[in-house]
Amino acid sequence: MKPPLYVWLNGCLLGTHKGAYDRFSFDITPYLKKGTQNLVVSVTDPSSTGPQACGKQRLHQSGIWYTPVSGIWQTVWLEAVSAEAYLQEVKITPCIDKNEVSIIPLLDRPLPKEYKIKALIKDEGKVVAEGQIANDKELLLSLENPKLWSPSSPFLYDVELVLSNKAGKELDRVQSYFGMRKISLGSNGTNQVIELNNEFLFHYGTLDQGWWPDGLHTPPCDEALLYDIEKTKKMGFNMIRKHIKVEPDRFYYHCDKLGLMVWQDMPSGMAVIPKAEGKKRGQHVQHVKKNTQDLYKRGETAAQFELELRRMVDGHYNAPSIVMWVPMNEGWGQYATCRIASAVKELDPTRLVNAVSGWDLRPCGEVYDIHTYQTEVKIPAISLERASVIGEYGGIGYPIKEHLWNSEMKNWGYQTYHSEEKLIEAYKHKLAQIVEMKKNKGLSAAVYTQTTDVEGEVNGLITYDREVIKIPVEVLYELHQELYK
């Protein structure tokens, strides 16, 4: 199969890429010329007719399926680096149990050990730890009385890395940051619960689709991206489930800074065969059959899915806000669930792995995750091995006529009301059940659907145009405090 993306500069092929949500780069130096440059990007995107990871995009938009995204929707930048060598990435792993942080710097090429990388850790400008290491080696730095990262106190340490050659000449200098935090499971005596920094903390968040009426996957500006996150925090949520979309890095930066935990989904892959004449709906096709006997026998699309999953984990490893990986959702493109969950945990043992959120559950991963949109919220089973969570609930619709995406189409929620008063009453009824489950049924987390309306879905707490907040922020904040007592 040919790669779907090609990039040319001044008539020369820079390279190709396959994947919609991960980073890639090319060295353009040999192909530059004096004057104006000619950059050409060619992309083939089958959208929902192909089995590649594409999340909720559908050529025939309706209901929970959204308008397909085309074009460049993530950040693009040009960076000048040293021709001799430069810092390509760094892997930062905090350990609060030992009051230390692991730093592994990676360069663009193998170099002799005489090349050194100096690491400085700063607390509000003051150096609190430092050390020196060679490329690809681990540097362990101790922190005295470290300040821990949490939703109530999202403290971030600054990191500065300086690369020098044999002669002591500085070749590169980069800045980053990290948070000292630990996400794990613990026992409350009867079942497993989710702990942050070795203490139980109930996770309560919104299902966040990350869609916009004018740019679809792309927010109109950074202020708009920040707006959704700030409002979610002010409403009294401490978590966001980023639903089958990988955001630009600015999203995670804002969550790191503001103190919102993130459950990060992998975008699902599932082809949709258009409906045949006389049939009401198209046929969903999983890219690998669920009942395959050989779980290690992978087709090309499955191999690509797992490659992009690995790239997602690697690319966002340093974000303190991300506390859970969710490789599968509701059976969409689901296959080899336990093998993939184990692979993700091996790749990143510092975070929890939610093997599959909702529907087609499997006896693996670290949480037992159900979806329940009924008025009377279902209670998930409790376990001595996994934490019990509700990965999706709520979905209460409230259409506001002047703020609908398309007033001609069917706009829906799982239950729909037509006044703020009725919406608040329904929300309180469902939330009270979550509070009871947290107190007496071993529940560790719940995710409310959803942050905003999206196209025909009117079950958001905010309208799709971000003009109306349906339940006052202060009302939600006060209601949610009961979950953190």
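Start with the whole chain in view: its 485 residues have a radius of gyration of 23 Å, which agrees with the value near 23 Å that a compact globule of that length would have. What you have open is a predicted model, so keep that in mind as you click along.

**Stop 1: the whole chain**

Show the C-alpha trace and orient it along the principal axes; the atoms fill a box of roughly 70 × 55 × 50 Å. Switch to cartoon and you will find six helices and 27 strands. Colour by accessibility next: buried residues account for 52% of the 485. If you like contact maps, draw one here. Of the contacts between residues at least 6 apart in sequence, 63% join residues at least 24 apart.

**Stop 2: two helices side by side**

Select H5, residues 420-440, together with H6, residues 473-480. Their axes lie 11 Å apart and the packing angle is about 20 degrees. That is under 35 degrees, so H5 counts as roughly parallel to H6. The crossing of these two helices is right-handed.

Which residues make the contact between H5 and H6? Show side chains for Tyr427, Lys428 and Leu431 on H5, and for Leu476, Leu479 and His480 on H6. By character, the residues of this contact divide into four nonpolar, one polar and one charged.

**Stop 3: a cis peptide bond**

From H6, step back along the chain to the loop that separates it from strand S27 (443-449), where glutamine 450 has its place. Zoom in on the bond between threonine 449 and glutamine 450: this peptide bond is cis, with omega about 10 degrees. Most peptide bonds are trans.

**Stop 4: a buried glutamate**

Keep threonine 449 displayed and add glutamate 392, because Thr449 is one of the residues that glutamate 392 touches. Glutamate 392 belongs to strand S24, residues 387-394. Is glutamate 392 buried or exposed? Its relative accessibility is 5%, so it counts as buried. Leaving aside residues up to four places away in sequence, its contacts also include Arg241, His243, Asn329, Glu330 and Tyr373. Add Leu207, Ile370, His371, Thr372 and Val447 to complete the set of contacts.

**Stop 5: two positive phi angles**

Most residues other than glycine have a negative phi. Here are two that do not follow that habit.

Select isoleucine 244 first. Its phi is positive, about 35 degrees, although it is not a glycine. Look for it in the loop between strand S17 (239-242) and helix H2 (249-258). Isoleucine 244 has 4% relative accessibility and so counts as buried.

Now go to asparagine 145, in the loop between strands S8 (139-142) and S9 (149-150). Phi of asparagine 145 is near 45 degrees, again a positive value in a residue other than glycine. With a relative accessible area of 64%, asparagine 145 is exposed.

**Stop 6: isoleucine 64 and its contacts**

Finish at isoleucine 64, in the loop between strand S3 (39-43) and strand S4 (87-95). Its relative accessible area is 22%, which makes it partly exposed. Which residues does isoleucine 64 touch, not counting those up to four places away in sequence? Display Lys56, Trp332, Trp412 and Glu457 to see them. For a last distance check, pick the C-alpha atoms of isoleucine 64 and glycine 365: the two residues are 301 apart along the chain, and these atoms are separated by 27 Å.

Notes: Residues are numbered from 1 along each chain as its sequence is written. This is a predicted model: local features need pLDDT of at least 70, side-chain atom pairs count only at pLDDT 80 or more; totals for chains, interfaces and linings use all residues. Side-chain values use heavy atoms; hydrogens and water are left out. Axes are lines fitted to C-alpha atoms, for helices over the stretch in contact, and angles run from 0 to 180 degrees between N-to-C directions. Helices (H or I, at least four residues) and strands (E, at least two) are DSSP runs, numbered from the N terminus. Angles under 35 degrees count as roughly parallel, over 145 as roughly antiparallel, 65 to 115 as roughly perpendicular and the rest as oblique. A crossing is left-handed if the near helix is turned anticlockwise from the far one by less than a right angle, and right-handed if clockwise. Contact means heavy atoms within 4.5 Å. Ala, Val, Leu, Ile, Met, Phe, Trp, Tyr, Cys and Pro count as nonpolar, Asp, Glu, Lys and Arg as charged, and the others, Gly among them, as polar. The radius of gyration is taken over C-alpha atoms; the globule rule is 2.2 Å times the number of residues to the power 0.38. Buried means under 20% relative accessible area, exposed over 50%, partly exposed in between (1.4 Å probe, protein chains only).
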